[in-house]
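User: Could you walk me through this model with some questions and answers? I'm new to reading structures, so plain words please.

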Amino acid sequence: NIDESTYQTCHIQPECSCPFICPSITDVKTLLSESHYPVMYYDETTGSLTIHSEDEGSYVAISHVWVDGLGSNTESGLRTCQVKRIDEYVRKLLPGCRPAFWIDGLCIPKEQESRKMAIRKMGDTYRNADKVLVFDESIRTLCFRNCPVEENVFRISMSPWMQRVWTLQEALLAKELYFEFADGIVPAHDLQRELKEDNTSRGFTTIKSV
């Protein structure tokens with residue numbers, strides 16, 4: 001649980017002082033009013049966000065919990081370092097495609113009417129995404145290749161991300177689910193495969209069900 005009156009959107013590193021970056025609130029509201037929802041493209045050259053409709057190409061949906069510091073809204077935006085981090089991963093997940101992504105901290109406005117429209121579309125947002133990428137600070141500290149698969153699965157099952165009801169929907173709707181580990185992005189099916197190879201599938205039902 002968080003207190004929105006004192007909540008602060010975080011940098012990746014505490015010593016970072018990069019500014020916030022925001023998309024066009026007008027363009028976001030326009031798409032929502034036309035029964036679409038926005039996806040973002042970060043332009044490295046200009047350092048700005050370009051907005052597109054979800055039906056214009058592939059995109060990655062980000063699943064996270066606000067306690068890790070990625071909570072925000074369209075009007076306030078996210079720290080530039082966080083947007084660059086997302087963009088870096090999305091480029092890896094969508095090679096050869098425009099690296100578009102959706103995250104609530106940029107794509108859901110604070111203004112109530114537009115906010116309601118965006119929230120009503122969240123099921124489709126995750127269902128239609130080519131891939132869903134999970135950010136959770138407790139998972140991010142794990143080195144996938146150096147830890148036993150049972151430990152990785154256990155730590156995911158006990159993570160803040162797994163304790164939230166809405167993330168259950170986000171993962172269940174995902175066509176392909178990925179987790180951010182300290183040593184890179186790991187597909188959920190890699191965890192499943194390793195568990196099967198070890199002939200110990202107990203505990204995976206938690207990940208499989210989300």
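Analyst: Sure. A helix here means a DSSP run of H or I with at least four residues, and helices are numbered from the N terminus. Keep in mind that this is a predicted model.

User: Which residue follows helix 1, and what is its phi near?

Analyst: Helix 1 covers residues 25–33. After this helix comes Ser35, and its phi is positive. The value is near 65°.

User: Which residues of helix 1 are buried, and within what arc do they fall?

Analyst: Buried means under 20% relative accessible area. In helix 1, that goes for Val28, Leu31 and Leu32. Looking down the helix axis, these buried residues line one face, because they fall within an arc of 100°.

User: What do the buried residues of helix 1 pack against?

Analyst: Their partners are a mix of strands and helices. On the strand side there are strand 2 and strand 3 (48–53). On the helix side there are helix 3 (104–107) and helix 4 (112–120).

User: Strand 2 came up there. Is Val39 buried or exposed?

Analyst: Val39 sits in strand 2, which spans residues 38–43. Its contacts, leaving aside neighbours within four places in sequence, include Thr50, Ile51, Tyr59, Phe101 and Trp102. The relative accessibility of Val39 is 2%, so the residue counts as buried.

User: How many residues are in the largest nonpolar core, and which helix gives the most to it?

Analyst: Nonpolar side chains in soluble globular proteins tend to be buried together. Here the largest nonpolar core has 56 residues, and Phe101, Trp102, Leu106, Leu177 and Phe179 have the most contacts inside it. With five residues, the helix that gives the most to this core is helix 2.

User: Which residues is Phe101 in contact with?

Analyst: Let's leave aside neighbours within four places in sequence. Phe101 then has contacts including Val39, Met40, Tyr42, Leu49 and Tyr59. The rest of its list is Val60, Val83, Ile86, Val90 and Leu106.

User: How many aromatic pairs does a search of the whole structure find, and what is the pair of Tyr89 and Phe135 called?

Analyst: The search turns up six aromatic pairs. For Tyr89 and Phe135, the ring centres are 6.0 Å apart and the planes meet at 50°. A pair is stacked under 30 degrees and edge-to-face over 60, with the rest in between. Since 50° falls between those limits, this pair is tilted.

User: How many residues apart are Tyr89 and Phe135, and where does each one sit?

Analyst: Both residues are buried. Tyr89 belongs to helix 2 (residues 80–93), whereas Phe135 belongs to strand 7 (residues 131–135). The pair links distant parts of the chain, with a separation of 46 residues.

User: Which residue has its charged end over the ring of Phe135?

Analyst: The ring of Phe135 has a charge sitting over it, 4.0 Å from the ring's centre. The charged end belongs to Arg85.

User: What kind of aromatic pair do Trp102 and Tyr126 form?

Analyst: Trp102 and Tyr126 are both buried. Trp102 lies in strand 6 (residues 100–102) and Tyr126 in helix 5 (residues 122–128), so their pairing ties together parts that are 24 residues apart in sequence. Their rings are 5.6 Å apart centre to centre, and with 75° between the planes the pair is edge-to-face.

User: What is the relative accessible area of Thr125?

Analyst: Thr125 is also placed in helix 5. Beyond its neighbours within four places in sequence, Thr125 is in contact with Tyr37, Tyr59, Ala61 and Trp102. Thr125 is buried, with a relative accessible area of 1%.

User: Which residues on helix 8 are exposed, on the face turned away from its buried side?

Analyst: Helix 8 (residues 165–172) has Thr167, Glu170 and Ala171 buried. Those buried residues line one face because they fall within an arc of 95°. The face turned away from them carries the exposed Val165 and Leu172.

User: How many bridges join strand 8 to strand 9, and which residue is the bridge partner of Phe179?

Analyst: Strand 8 (residues 177–181) and strand 9 (residues 184–187) run antiparallel, with four bridges between them. A hairpin connects the two strands through two residues. In strand 9, the bridge partner of Phe179 is Val186.

Key: Residues are numbered from 1 along each chain as its sequence is written. This is a predicted model: local features need pLDDT of at least 70, side-chain atom pairs count only at pLDDT 80 or more; totals for chains, interfaces and linings use all residues. Side-chain values use heavy atoms; hydrogens and water are left out. Rings of Phe, Tyr and Trp (its six-membered ring) pair if their centres lie within 6.5 Å; planes under 30 degrees apart count as stacked, over 60 as edge-to-face and the rest as tilted. Buried means under 20% relative accessible area, exposed over 50%, partly exposed in between (1.4 Å probe, protein chains only). A charge sits over a ring if NZ of Lys or CZ of Arg is within 6 Å of the ring centre and within 35 degrees of the ring normal. Two strands pair if DSSP finds at least two bridges between them. Contact means heavy atoms within 4.5 Å. A nonpolar core is a set of buried Ala, Val, Leu, Ile, Met, Phe, Trp, Tyr and Cys residues joined through side-chain atoms within 4.5 Å. The arc is that of the directions from the helix axis to the C-beta atoms.
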